[in-house]
Amino acid sequence: MRPDALSAGTGQSTTLSPPGHVRLSMAQALVRYLAAQRVLNDAGDSEPLFGGVFAIFGHGNVAGLGEALYAQRGELPTYRGHNEQGMANAAIAYAKAHLRRRMMAVTTSIGPGATNLVTSAALAHVNRLPVLLLPGDIFVSRAPDPVLQQLEDFHDGTVSANDCLRPVSRYFDRIVTPSQLLTALPRAMRVLTDPALCGPVTLALPQDVQAESFDWPKAFFAPRLHRIRRPAPVASELEQAVMALRQARRPVMVCGGGALYAGAGPAVAAFAEQHGMPVSETQAGKGTLPWQHPLLLGGAGVLGSTAANALLAEADLVLAVGTRLQDFTTGSNALFQQARLVSLNVNSFDSDKGSDVALVADAGLGLSALSDALGAWQAEPGWQQRAREQGQAWRAVVGEITGRRELDAGQRPYDGEVIGAVQRSSPTSARDDIVVCAAGTLPAELEKLWRTETAGGYHMEYGYSCMGYEIAGGLGVKMARPDREVIVMVGDGSYMMLNAEIATSVMLGCKLIIIVLDNRGYGCISRLQQACGGAPFNNMLADCLQGPDGAPEIDFAAHARAMGALGEHVDSIVALEQALQRARAADRTYLIAIDTDHRRTTAEGGTWWEVAVPEVSSRTEVVEAHGRYKQARRRRDAGRRGEAATAES
């Protein structure tokens, strides 16, 4: 028997394949191909592109893909999750923690398992993060239709539940015959590894096709080394950008996630220092420069610092580096509309957003080319001095807020004071911890107050602001960075949405420190609701419709212990610091819950954000809020037209 005559179960078959080919099932071929993909890391060494596959098996993937994964478990580990969205979020966080250089695949069955991936796919799509989704699908033969969990469309026999994933995938394919993998898999790898195209890829896998065999060219499974593309700027665009910068006197740089993923931190620092340009950050770009850099102003926009927003509001040019210019960064296009916008981005879709000059290039290569062409050009000396002074003043504000330990009698701490306790507990301060968060009030407080010195030390999912990402995301980060302490900060609302991967972290030995800030509801949205004139309603537990026994008292520490973790509840900042020392010394995931005040927030910083307020309401508060909303829109729109802003209602 020839060694290249293989079958699904044993690797042996009496059926001979043509020379240079090997007989495998479609699922076996897919798994073998994934295991052969390699990537160059920062040190120039080759390592597996895929760190593994998260899997929850069902009838749509256990027989085909499950068997194939078992056979390759030494080369491509399989990890069991507890919720499909949770394990996909963990896979996405793994890729983000690797700055998009490595990634994971996720497989589910054909029904609710597949549709549970939709939220995660949208999250990866918005954040430009790679993940390979492999949901099972219905029978191509249609012989047993309708099978268990099958979605039936009355007008289109080709539709399955997986079609929900089309609009939230960068590339989608349904493999209806094994040979289609020969083109689908290389296309998938192209999207997953290209910084301009990067995002989720879905390959829907009909369960009968997973089991079908095919004679595959052996060359298809040869190891392939992927090199992340770093496109240089074209001369004509570079010339335009240089001309715009030379005319500027008061420029500000805004760094987004693209700067981090390109490893452009050193280039950003060199550019800022050579040309005297102050730097601000987005949520995704935080950590591009160390927090104490004298030209770093802090976060930009709605959740930004007083220093960054003051200078952005007066800048005559904004150099946007690797940011998709989300409304939270631009203050709903009102914050720096007076400035010329030069957008440096590897993705032309993003570089064209409202920019006067688009420069399509890798962030690091683009900044280096700009700097070489600019020579000795610098921002005005007075602007540089003002940036340094305001940056230092902002860092002093951060230190004062996060340094509070003793509160008034009966006063509950708020998120800023909790953040300070977490950072004080670190033996290496801001150098080694990785904080993970996603939604609610915490993103605002963390962007303002968390101090990190390393790229990747701040892990925030705020493109999709997905509640429930935090714990699963923390698991993915820990799998990517097992040598770092991973601190998950999560509100009680997000915790209740998705927490099952605590059990996965215990099972895999991936220790997390989880801080649950319990404000008894959705405090962030409650404040927004009232700022728009609404009555407190259906956000805080106290404002919800309740039965005779009222809202439950949830013991988050006991819940974590029930899943195999360690947990305790504390009632003060001092007690939190003591608990954090126990958590750091623990051998497994450790949850600390603390009651917080949802009414208190960091007043410093921030800018206008457009949220539509009803034109008609029986509430006086809503009518007044709508008036303020119209005034803010008028100021923004007048600024767009270059007119004098008016405060008239």
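The following questions and answers concern helix H15, several salt bridges and a surface patch in a predicted model.

Me: On what basis are residues numbered and features accepted in this model?
Reply: Residues are numbered from 1 along each chain as its sequence is written, and side-chain values use heavy atoms, with hydrogens and water left out. Because the model is predicted, local features need pLDDT of at least 70, totals for chains, interfaces and linings use all residues, and side-chain atom pairs count only at pLDDT 80 or more.

Me: How far apart are the end C-alpha atoms of helix H15?
Reply: Helices (H or I, at least four residues) and strands (E, at least two) are DSSP runs, numbered from the N terminus. The expected span is 1.5 Å times one less than the number of residues. For the 22 residues of H15 (residues 381-402) this should give 32 Å, and the end C-alpha atoms agree, being apart by 32 Å.

Me: Within what arc do the buried residues of H15 fall?
Reply: Buried means under 20% relative accessible area, exposed over 50%, and partly exposed in between (1.4 Å probe, protein chains only). The buried residues of H15 include Trp383, Ala387, Trp394 and Val398. They line one face of the helix, because seen down its axis (directions from the axis to the C-beta atoms) they fall within an arc of 125°.

Me: Which residues are exposed on the other side of H15?
Reply: The buried residues of H15 are covered by elements including strand E12 (251-255) and helix H10 (265-275), where contact means heavy atoms within 4.5 Å. On the other side of H15, the exposed residues are Pro381 and Gly382.

Me: How many residues apart in sequence are the parts tied together by Asp215 and Arg23?
Reply: A salt bridge is a side-chain nitrogen of Lys or Arg within 4 Å of a carboxyl oxygen of Asp or Glu. The side chains of Asp215 and Arg23 meet in one (2.9 Å, N to O), and both residues are buried. Asp215 lies in strand E10 and Arg23 in strand E1, so the pair ties together parts whose separation in sequence is 192 residues.

Me: Is Glu417, the salt-bridge partner of Arg404, buried or exposed?
Reply: The side chains of Arg404 and Glu417 meet at 3.6 Å, N to O. Arg404 lies in the loop between H15 and H16, and Glu417 in helix H16. Arg404 is partly exposed, at 29% relative accessible area. With a relative accessible area of 0%, Glu417 is buried.
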